[in-house]
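Please open the model in a viewer and keep the sequence panel visible beside it. The tour below proceeds by selection, one stop at a time.

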Amino acid sequence: MAAEIDNLVTSERIAELLGVQVRRVQQLTQEGVIPAKSSRPYRYDLFEVAQVYIQYLSEQIAGRE
């Protein structure tokens, strides 16, 4: 449980990790692409978001081919 809490980060940190604006992180959350562990303030599991976002991008690329 403590390890999971240690991995929770803010929208700003997720935006930095993904190389997008905070607004895009909010959009991805609203679209159900990346899951938030809590809201107001939003907190995300760093590793889960990385995995989910990579899968999302892979699917986007596969759809173009």
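Select helix H3 and display what surrounds its buried residues: the covering elements include H2, S2 and H4. The model is a predicted one, and each stop should be viewed with that in mind.

**Helix H3 and Val25**

Within H3, colour Val25, Leu28 and Thr29, the buried residues of this helix. Turn the view to look down the axis of H3: the buried residues line one face of the helix, because they fall within an arc of 100°.

Next, centre on Val25, which lies in helix H3. Is Val25 buried or exposed? Its relative accessibility is 0%, and Val25 therefore counts as buried, the cut-off being under 20%. Show the contacts of Val25, leaving aside neighbours within four places in sequence: Ser11, Ile14, Ala15, Val20, Ile34 and Tyr44 appear. A distance drawn from the C-alpha atom of Val25 to that of Glu12 reads 8.3 Å, although the two residues are 13 apart along the chain.

Now move to the end of H3. The helix is followed by Gly32, which has a positive phi near 80°.

**The nonpolar core**

Select Val9, Ile14, Ala15, Leu18, Val25, Leu28, Val33, Ile34, Tyr44, Val49, Tyr53 and Tyr56 together; these 12 residues form the largest nonpolar core. Which elements give two or more residues to this core? They are H2, H3 and H4.

Within that selection, pick out Val49. Beyond its neighbours within four places in sequence, Val49 is in contact with Ile14, Leu18, Ile34, Pro35 and Tyr44.

**Helix H4**

Select residues 46–64 to see helix H4, which has 19 residues. From its first C-alpha to its last, H4 reaches 28 Å, close to the 27 Å expected at 1.5 Å a residue. At the start of H4, display Asp45: one of its side-chain oxygens comes to within 3.0 Å of the backbone nitrogen of Phe47.

Which residues of H4 should be coloured as buried? They are Val49, Tyr53 and Tyr56. These residues lie on the same side of H4, because they cover an arc of only 60° around the axis. A general feature of helices is useful here: an α-helix has 3.6 residues a turn, so residues three or four places apart point the same way.

Bring helix H2 (11–18), helix H3 (22–30) and strand S2 (44–45) into view, since the buried residues of H4 pack against these elements. Then rotate to the face of H4 turned away from the buried side, where the exposed residues Phe47, Gln51 and Ile54 are found.

**The loop between H3 and S2**

Select Arg40 and Pro41, both of which are in the loop between H3 and S2. The peptide bond from Arg40 to Pro41 is cis, with omega near 0°. Arg40 also has a positive phi, near 50°, in a residue other than glycine. Is Arg40 buried or exposed? Its relative accessibility is 74%, so Arg40 counts as exposed.

**Salt bridges**

How many salt bridges does a search of the whole structure find? It finds three. In general terms, side chains of opposite charge can pair when their charged atoms come close.

For one of them, select Arg13 and Glu16, whose side chains meet at 3.2 Å, N to O. Arg13 and Glu16 are separated by about one helical turn, because they are three residues apart in helix H2. Arg13 is partly exposed, with a relative accessible area of 44%, whereas Glu16 is exposed at 56%.

Continue to Arg24 and Glu31, whose side chains form a salt bridge at 3.6 Å, N to O. Arg24 counts as partly exposed, at 26% relative accessibility.

Finish with Lys37 and Glu48, where the salt bridge spans 3.1 Å, N to O. This pair links distant parts of the chain: Lys37 belongs to the loop between H3 and S2, and Glu48 to helix H4, 11 residues apart. Lys37 is partly exposed, at 42% relative accessibility, and Glu48 is likewise partly exposed, at 25%.

Note on methods:
Residues numbered from 1 in each chain as written. Predicted model: local features only at pLDDT ≥ 70, side-chain atom pairs only at ≥ 80, totals over all residues. Heavy atoms only, no water. Helix = DSSP H or I, 4+ residues; strand = E, 2+ residues; numbered from the N terminus. Expected span 1.5 Å × (residues − 1). Buried < 20%, exposed > 50% of the residue type's maximum accessible area, 1.4 Å probe, protein only. Arc of directions from axis to C-beta. Contact = heavy atoms within 4.5 Å. Polar contact = N/O pair within 3.5 Å; in protein donor to acceptor, adjacent residues only side chain to side chain. Salt bridge = Lys/Arg side-chain N within 4 Å of Asp/Glu carboxyl O. Core = buried A, V, L, I, M, F, W, Y, C linked by side-chain atoms within 4.5 Å.
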